[in-house]
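This report describes selected features of a protein model, with attention to charged pairs, surface patches, polar contacts and backbone geometry. The sequence and structure are shown first.

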Amino acid sequence: MATFSIALPLSNGVGALLCGSLVQWARFFWMYAIYANIAVGGLLITIVNRARLK
Amino acid sequence: MVSKISQRTTSGTILLPAVALWLIAQPFGGFNVVFAVAIALASIGACMSVLLSRYAPKTNRNPQAVDAAPWWREILNILDREIILASVLSFFSHVTFPAVASFLLLYARDIGVDNIGWFYAVSGTTSILARPILGKVSDNIGRRRALVACFILQALALVMLAYAANLIALMISGVLYMMGLAMSSSTTLAIAMEQANPNAAAAQWQRSLSRYR
């Protein structure tokens with residue numbers, strides 16, 4: 001379960017870093033637009049691995 | 001049970017920004033008061049840990065084994081293939097959270113929205129109430145459908161945030177996002193617990209012992 005435990009703090013750290021960088025470079029609108037695409041990425045991973053998720 | 005653990009561990013992260021904003025806005029408040037409260041909460045946590053440590057399961061320590069293993073190998077050893085998928089899905093569902101928690105305060109200021117404490121109050125309440133309910137929904141509809149719903153809700157909320165121009169729009173986005181996050185937290189934790197191999201830890205411990213014999 002250690003791998004799973006790492007995912008949460010890692011996502012917060014990477015997310016905050018990416019968030020700040022995107023706001024600096026592209027302002028808030030594009031930051032939220034890019035983050036919406038990350039959520040779509042999660043959706044695609046779910047669909048690709050649908051056989052393992054029941 | 002899983003959703004209850006998830007609810008309790010993340011409720012502080014979601015609710016305390018509203019408390020901090022309220023403290024900053026008070027006549028007696030300010031950043032120093034917020035930091036003092038944070039230090040007090042951490043100290044209470046430390047005291048509670050000491051008091052409750054007697055109830056924690058005992059672990060057998062082997063200092064020689066810990067010292068002998070290179071630190072980088074210990075990092076590689078924690079990668080558990082069985083739960084990589086759950087970990088990746090948890091990562092994708094939580095990586096967008098800072099955009100809705102920490103950075104929303106700056107965004108609200110950028111678009112000229114006041115009283116942003118209401119956003120944290122509404123989204124925090126949604127998260128706390130939704131976790132046990134949506135955890136049961138996840139059990140009923142299946143992990144795949146729950147995760148699809150979670151990522152659709154999060155994507156929709158983030159698109160709405162990009163176009164939000166007032167407090168109501170921000171609050172609706174916050175409610176949608178927290179519903180998605182609530183569903184993903186309990187679902188990914190449940191997947192990890194289901195797919196984790198209970199013998200893997202024991203096998204790894206056996207390998208470690210044989211290396212040091």
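## A buried arginine and its salt bridges

Arg143(B) has a relative accessible area of 10% and therefore counts as buried, since the limit for that class is under 20%. The model in which this residue is described is a predicted one. Arg143(B) pairs with Glu194(B) in a salt bridge whose closest N and O atoms are 2.6 Å apart. The two partners belong to distant parts of the chain: Arg143(B) is in helix 9 (residues 143-163) of chain B, Glu194(B) is in helix 10 of chain B, and 51 residues separate them.

Arg143(B) also meets the side chain of Asp139(B) in a salt bridge, with an N to O distance of 2.8 Å. Asp139(B), Arg143(B) and Glu194(B) are thus joined in a network of salt bridges.

## A salt bridge between the chains

Over all chains, the structure holds three salt bridges. One of them connects the side chains of Arg27(A) and Asp110(B), at 3.0 Å from N to O. This pair crosses between chains, running from helix 1 of chain A, where Arg27(A) lies, to helix 7 (residues 104-110) of chain B, where Asp110(B) lies.

How accessible are Arg27(A) and Asp110(B)? Arg27(A) has a relative accessibility of 47% and so counts as partly exposed. Asp110(B) is likewise partly exposed, because its relative accessible area is 44%, and the partly exposed class covers values between 20% and 50%.

## Overall make-up of chain B

Chain B contains 11 helices and zero strands. Its pattern, read along the sequence, is α-α-α-α-α-α-α-α-α-α-α. Of the 213 residues in chain B, 40% are buried.

## Polar contacts of two serines in helix 10

Helix 10 of chain B, which spans residues 167-195, includes Ser185(B). Ser184(B) is found in helix 10 of chain B as well. Ser184(B) has a relative accessible area of 0% and is therefore buried. With a relative accessible area of 7%, Ser185(B) is buried too.

Each serine has a side-chain partner described here. The side chain of Ser184(B) makes a polar contact of 3.2 Å with the side chain of Ser93(B). For Ser185(B), the partner is the side chain of Arg131(B), in a polar contact of 3.2 Å.

## Nonpolar surface patch

Which residues make the nonpolar surface patch of about 850 Å²? The patch is formed by Leu16(B), Val19(B), Val37(B), Leu41(B), Ile44(B), Met48(B), Leu51(B), Leu52(B) and Tyr55(B). Two elements of chain B, helix 1 (2-25) and helix 2 (31-52), each give two or more residues to this patch. Helix 2 of chain B supplies the largest share, six residues.

Leu52(B), one of the patch residues, is found in helix 2 of chain B. Its relative accessible area is 46%, so Leu52(B) is classed as partly exposed. That value meets the requirement for patch residues, because they must have over 30% relative accessible area.

## Patch of positive charge

A second surface patch carries positive charge. Arg50(A), Lys54(A), Arg144(B) and Arg145(B) gather there. Among them, Lys54(A) is located in the segment after helix 1 (2-48) of chain A. Lys54(A) has a relative accessible area of 71% and is therefore exposed, the limit for that class being over 50%.

## Positive phi angles outside glycine

Arg27(A), the chain A partner in the salt bridge between the chains, has a positive phi of about 70° although it is not a glycine. Arg27(A) lies in helix 1 of chain A.

Where is Asn115(B) found? Asn115(B) is in the loop between helix 7 and helix 8 (117-141) of chain B. Asn115(B) has a phi near 55°, which is a positive value in a residue other than glycine. At 56% relative accessibility, Asn115(B) counts as exposed.

Definitions and conventions
Residues are numbered from 1 along each chain as its sequence is written. Chains are lettered from A and ligands numbered from 1 in the order in which they are written. This is a predicted model: local features need pLDDT of at least 70, side-chain atom pairs count only at pLDDT 80 or more; totals for chains, interfaces and linings use all residues. Side-chain values use heavy atoms; hydrogens and water are left out. Patches are made of residues with over 30% relative accessible area and no salt bridge: like charges are joined within 9 Å, nonpolar side chains (Val, Leu, Ile, Met, Phe, Trp, Tyr) within 5 Å. Accessible areas come from the Shrake-Rupley method with a 1.4 Å probe; for residues, only the protein chains shown count as cover. A salt bridge is a side-chain nitrogen of Lys or Arg within 4 Å of a carboxyl oxygen of Asp or Glu. Lys and Arg count as positive and Asp and Glu as negative; His and the chain ends are not counted. The place of a charge is taken as NZ of Lys, CZ of Arg, CG of Asp or CD of Glu. Helices (H or I, at least four residues) and strands (E, at least two) are DSSP runs, numbered from the N terminus. Buried means under 20% relative accessible area, exposed over 50%, partly exposed in between (1.4 Å probe, protein chains only). A polar contact is a pair of N or O atoms within 3.5 Å; within protein, one must be able to donate a hydrogen and the other to accept it, and residues adjacent in sequence count only if both atoms are side-chain atoms.
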